[in-house]
Amino acid sequence: MTLFIGILAISAGAGLLVGDEEKGILDLVLAHPVSRTALFCGRLLGLVAILAIVLAVSWLSWVIPQAAPARS
């Protein structure tokens, strides 16, 4: 699970701006009155939120089965 989360974090982090640049969308986004810092911080915040959700779900998938009473 740790390897999966690491690969997800690296690939999503690398694609924050590169994906839009390759698609040609980045020029259109930067034409709006939004600073580059605000654009990057917003995307970084989205990445952190997604990673937090993935970590919470993976943590719950370990905790819930351990807390369940054992049936005989």
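This passage describes the helices of a predicted model, together with the placement of several of their residues.

Helix α1 comprises the 22 residues from 2 to 23, and at 1.5 Å a residue a helix of this length should span 32 Å; because its end C-alpha atoms are 30 Å apart, the expected span and the model agree. Within this helix there is a bend of about 55° at Leu16. Leu16 is also one of the buried residues of α1, alongside Ile5 and Asp20, and the buried residues of this helix pack against α2, which covers residues 26-30, and against α3, which covers residues 36-67. Just after the end of α1, Gly24 adopts a positive phi of about 85°.

Other residues of α1 are placed differently with respect to the surface. Val18, which also has its place in α1, has a relative accessible area of 40%, and because buried means under 20% and exposed means over 50%, Val18 is classed as partly exposed. The C-alpha atom of Val18 is separated by 24 Å from that of Leu55, a residue 37 places away along the chain. Phe4, another residue of helix α1, belongs to a nonpolar patch on the surface that it forms with Met1 and Trp62, and these residues together have about 390 Å² of accessible area.

Helix α3 contains 32 residues, which at 1.5 Å a residue should span 46 Å; since its end C-alpha atoms are 46 Å apart, the expectation is again in agreement with the model. The buried residues of α3 are Leu39, Leu47, Leu51 and Ser58, and the buried residues of this helix pack against α1 and α2. As a general point, an α-helix has 3.6 residues a turn, so residues three or four places apart point the same way.

Leu47, which lies in helix α3, can be considered in further detail. Its relative accessible area is 14%, and because this value falls under the 20% that marks a buried residue, Leu47 is counted as buried. When residues up to four places away in sequence are not counted, Leu47 touches Ala12, Gly13 and Leu16, the last of which is the residue at which α1 bends. Leu47 and Leu8 are 39 residues apart in sequence, while the distance between them in space is 10.0 Å, from C-alpha to C-alpha.

Beyond the end of α3, Ala68 is found in the segment that follows this helix. With a relative accessibility of 45%, Ala68 counts as partly exposed, because this value lies between the limits for buried and exposed residues. Ala68 and Ile25 are 43 residues apart in sequence, and their C-alpha atoms are 48 Å apart in space.

Terms used:
Residues are numbered from 1 along each chain as its sequence is written. This is a predicted model: local features need pLDDT of at least 70, side-chain atom pairs count only at pLDDT 80 or more; totals for chains, interfaces and linings use all residues. Side-chain values use heavy atoms; hydrogens and water are left out. Helices (H or I, at least four residues) and strands (E, at least two) are DSSP runs, numbered from the N terminus. The expected span of a helix is 1.5 Å times one less than its number of residues. The bend at a residue is the angle between axes fitted to the seven residues ending there and the seven starting there. Buried means under 20% relative accessible area, exposed over 50%, partly exposed in between (1.4 Å probe, protein chains only). Contact means heavy atoms within 4.5 Å. Patches are made of residues with over 30% relative accessible area and no salt bridge: like charges are joined within 9 Å, nonpolar side chains (Val, Leu, Ile, Met, Phe, Trp, Tyr) within 5 Å. Accessible areas come from the Shrake-Rupley method with a 1.4 Å probe; for residues, only the protein chains shown count as cover. A salt bridge is a side-chain nitrogen of Lys or Arg within 4 Å of a carboxyl oxygen of Asp or Glu.
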